[in-house]
2 protein chains.
Amino acid sequence: MLGAMATLKDVAARAGVSRSAVSRTFTEGASVSADMRRRVQLAADELGYRPNALASSLTTGRTKLIGLVSNNFHNPIFLEVFDRFTRGLQQRGLRPLLVNLSDETDPAQSVRMMRDYSVDGVIVASSTLSPSFAQAFKDEGIPVVHSFGRFSEAPHVHVVGIDNVECGRMAARALIERGYMRIAFLGGPEEATSTQDRLDGFLEVASAAPGVRVTHTFARAYSFDAGREEMARLIDKGPADAYFCGDDVLSIGALSAVRTAGLDCPRDVAIIGLNDMEMARWENIALTTIHQPIAEIIEASVNLVVAMFDDSDVEPTATLFPCHIVERQTLVS
Amino acid sequence: MLGAMATLKDVAARAGVSRSAVSRTFTEGASVSADMRRRVQLAADELGYRPNALASSLTTGRTKLIGLVSNNFHNPIFLEVFDRFTRGLQQRGLRPLLVNLSDETDPAQSVRMMRDYSVDGVIVASSTLSPSFAQAFKDEGIPVVHSFGRFSEAPHVHVVGIDNVECGRMAARALIERGYMRIAFLGGPEEATSTQDRLDGFLEVASAAPGVRVTHTFARAYSFDAGREEMARLIDKGPADAYFCGDDVLSIGALSAVRTAGLDCPRDVAIIGLNDMEMARWENIALTTIHQPIAEIIEASVNLVVAMFDDSDVEPTATLFPCHIVERQTLVS
DNA sequence: TGACCGTTTGCAACCGGTTGCAATTTGCAC
DNA sequence: GTGCAAATTGCAACCGGTTGCAAACGGTCA
């Protein structure tokens with residue numbers, strides 16, 4: 001169609017004005033007369049001109065690119081997360097540059113990469129990465145928010161998420177209140193910060209409850225298979241009465257193992273999950289679980305990273321959103 | 001840490017060489033002596049210098065940015081798709097710029113956006129978008145590949161995917177071979193190209209089979225709820241013996257409805273899906289389904305878009321990968 | 001008519017790189 | 001030591017924009 005892409009210069013020539021005039025026409029709030037703007041627009045339209053966002057970023061220092069870094073590409077809840085993040089960013093005129101932090105890749109490399117592309121900010125979306133990973137971006141001078149990250153009283157970077165320790169407590173209380181006496185935590189991978197925190201809270205409450213026997217084990221991943229395998233193993237050894245599973249996917253795997261073993265879910269082995277992902281509502285699953293307010297977390301994360309554009313040096317904050325239990329059918333009521 | 005990011009000029013000054021020398025040191029295959037390279041490297045390391053990818057794109061004309069455009073942010077299989085795309089691109093040194101084509105946003109806007117950011121290419125990952133959408137990128141001179149797109153003998157843009165019509169035939173044959181006499185297609189949204197094609201193939205074979213009664217309906221989306229609702233409705237009216245469901249998610253929803261109605265899945269109502277997503281293997285689902293070779297499709301798509309960098313004007317091709325049925329437990333054997 | 005002020009416009013330098021070309025250096029054979 | 005080709009280096013222009021500054025313009029008021 002067009003031999004080459006029209007540039008500022010072409011438009012200026014065609015409209016018979018200076019390059020600055022063209023630039024100003026396409027810059028919000030610049031000083032241009034209505035007449036000039038009309039002439040430039042006309043020439044621009046004829047040539048199909050659009051400003052090159054990358055070229056202008058050179059002088060303005062803003063790319064409107066946001067790094068979206070995650071290592072959770074196997075947990076269905078993250079599709080929901082990506083959906084919301086991309087929409088939230090797009091609505092604000094920002095573009096997500098997606099980084100898949102698969103285990104092989106060196107994390108430091110992704111930091112360099114983000115710097116190479118001069119992203120305006122980075123959102124680390126992961127409940128398993130250590131706080132130090134997000135910090136690496138800050139050290140490079142890149143605004144960063146850690147979504148679903150580990151809470152800290154005095155975080156080094158902005159953290160938005162839930163209080164995993166409190167969720168652990170909440171789960172323990174829920175099980176104890178319902179009269180379960182042998183309860184257990186079936187966690188995600190031991191090295192995940194979310195697993196550690198949820199366990200801490202769970203044990204804190206459970207071990208303080210008189211007469212309650214509490215145990216815990218870890219699955220090798222937040223995945224269906226890992227949950228199923230671990231629960232199968234536990235059933236073999238004689239299971240507890242009720243389990244707090246590290247997350248919903250794990251819960252669904254565990255649930256499957258329970259049923260395969262010919263046991264009934266709330267009656268023989270009860271389960272409470274965490275996340276309240278879409279699937280938890282499916283009527284063949286009907287998982288009782290702790291709801292994590294994803295939408296709020298993401299909204300807050302995006303707002304935070306945007307706020308940092310203007311004032312990059314605000315004190316890092318930890319924003320926690322409250323969770324609540326959604327009653328379905330995997331716990332006696 | 002560093003007041004500001006070090007630039008080429010800073011490094012040149014520090015090393016006492018010309019700016020060109022620094023540039024060449026960081027350019028593959030440029031003419032620099034070993035001695036020079038050492039001096040520059042030293043200065044660069046001391047300053048923590050890294051070349052600005054966007055600035056260089058200005059002269060090289062390559063950004064290594066690839067637009068990844070999709071409107072499927074609710075089908076769990078697309079998490080797998082995004083995972084594979086991001087890894088495939090990253091391995092080749094490319095960065096995915098994710099675009100969420102949610103229904104509200106004007107498609108034309110995403111085309112402009114990609115142009116503004118000078119992406120080297122675009123991958124449209126969607127089985128529901130019309131071919132003309134992908135074409136819009138081509139019209140702007142942007143290399144584009146439509147993954148999971150509709151097959152055409154003479155496509156306007158590169159298409160990589162499966163033969164949906166053939167899948168429809170395959171499903172019909174599978175049901176007929178197994179002796180089901182009243183079969184039906186429970187499709188995705190009627191306007192999705194994949195739904196249309198699968199229906200065509202299904203009807204073609206089914207209506208040619210003597211004594212076989214065939215019907216079809218559409219769910220309002222490729223989603224669990226839509227599948228469950230539609231199947232519940234069908235059960236009310238008296239269901240067919242066996243259903244080809246538009247995809248796995250739909251199948252799982254339908255399966256749920258079948259069980260909720262107190263029916264047994266292969267015996268009373270049989271189901272075959274399409275996709276073979278991870279969940280189809282879950283033992284509480286065990287869906288018999290047509291396997292779609294996602295990995296191959298994505299690998300081929302990425303290769304294709306990369307190949308277009310060098311030669312943008314190759315004749316558009318349609319690459320189809322064969323599918324096969326994976327036997328599990330929702331069809332009699 | 002001229003002084004004065006606010007707007008609009010263009011010039012030219014700059015953002016952080018790349019690259020063609022010519023000048024300089026190097027290596028090697030004689 | 002000389003001659004010549006190949007390898008290395010720097011200069012300067014360029015990629016596609018933005019922006020501070022000063023000149024030009026337009027209008028008002030005396």
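Before I start, one definition: when I say a residue is near a DNA strand, I mean that its C-beta atom, placed from the backbone, lies within 6 Å of that strand. And please keep in mind that this is a predicted model.

Okay, let's begin with DNA strand C. By that cut-off, 27 residues surround DNA strand C. The closest are Met36(A) from one chain, and Leu8(B), Ser20(B), Ser23(B) and Asn52(B) from the other. Which elements build this surface? At least two residues each come from helix H2 (19-25), helix H3 (34-47) and helix H4 (53-60) of chain A, and from helix H2 (19-25) and helix H4 (53-60) of chain B. The most comes from H4(B), which gives 5 residues. If you like to think in side-chain classes, the surface near DNA strand C holds 13 polar, 10 nonpolar and 4 charged residues.

Now over to DNA strand D. Here 27 residues surround the strand, and the closest are Leu8(A), Ser20(A), Ser23(A), Asn52(A) and Met36(B). H2 and H4 of chain A each supply at least two residues to this surface, as do H2, helix H3 (34-47) and H4 of chain B. Which helix gives the most near DNA strand D? That is H4(A), with 5 residues. The classes near DNA strand D are 10 nonpolar, 13 polar and 4 charged.

Next, the protein chains themselves. How many residues does each chain bring to the contact? Chain A brings 37 residues and chain B brings 38. On the chain B side, at least two residues each come from H4, helix H5 (77-91), strand E2 (95-100), helix H6 (107-116) and helix H11 (248-260). The largest share is that of H5(B), with 7 residues. By class, this side of chain B divides into 17 nonpolar, 11 polar and 10 charged residues.

Last stop: a sheet in chain B. This is an open sheet of 6 strands with mixed pairing, in the order E7-E6-E8-E9-E10-E12. At its edges sit strand E7 (213-218) and strand E12 (324-326), each pairing on one side only. Ignoring direction, neighbouring strands are turned by 25 degrees against each other on average.

Let's zoom in on one pair. Strand E9 (residues 270-275) and strand E10 (residues 289-291) of chain B run parallel and are joined by 3 bridges. In one of the pairings, Gly273(B) has Thr289(B) in E10(B) as its bridge partner. Finally, helix H9 (residues 193-206) of chain B lies across strand E6 (182-187), E7 and strand E8 (242-245), running at about 170 degrees to E6(B).

Thanks, everyone!

Terms used: Residues numbered from 1 in each chain as written. Chains lettered and ligands numbered in written order. Predicted model: local features only at pLDDT ≥ 70, side-chain atom pairs only at ≥ 80, totals over all residues. Helix = DSSP H or I, 4+ residues; strand = E, 2+ residues; numbered from the N terminus. Nonpolar A, V, L, I, M, F, W, Y, C, P; charged D, E, K, R; others polar. Contact = placed C-beta atoms within 7 Å. Pairing = 2+ DSSP bridges. Axes fitted to C-alpha atoms, helices over the stretch in contact; angles between N-to-C directions.
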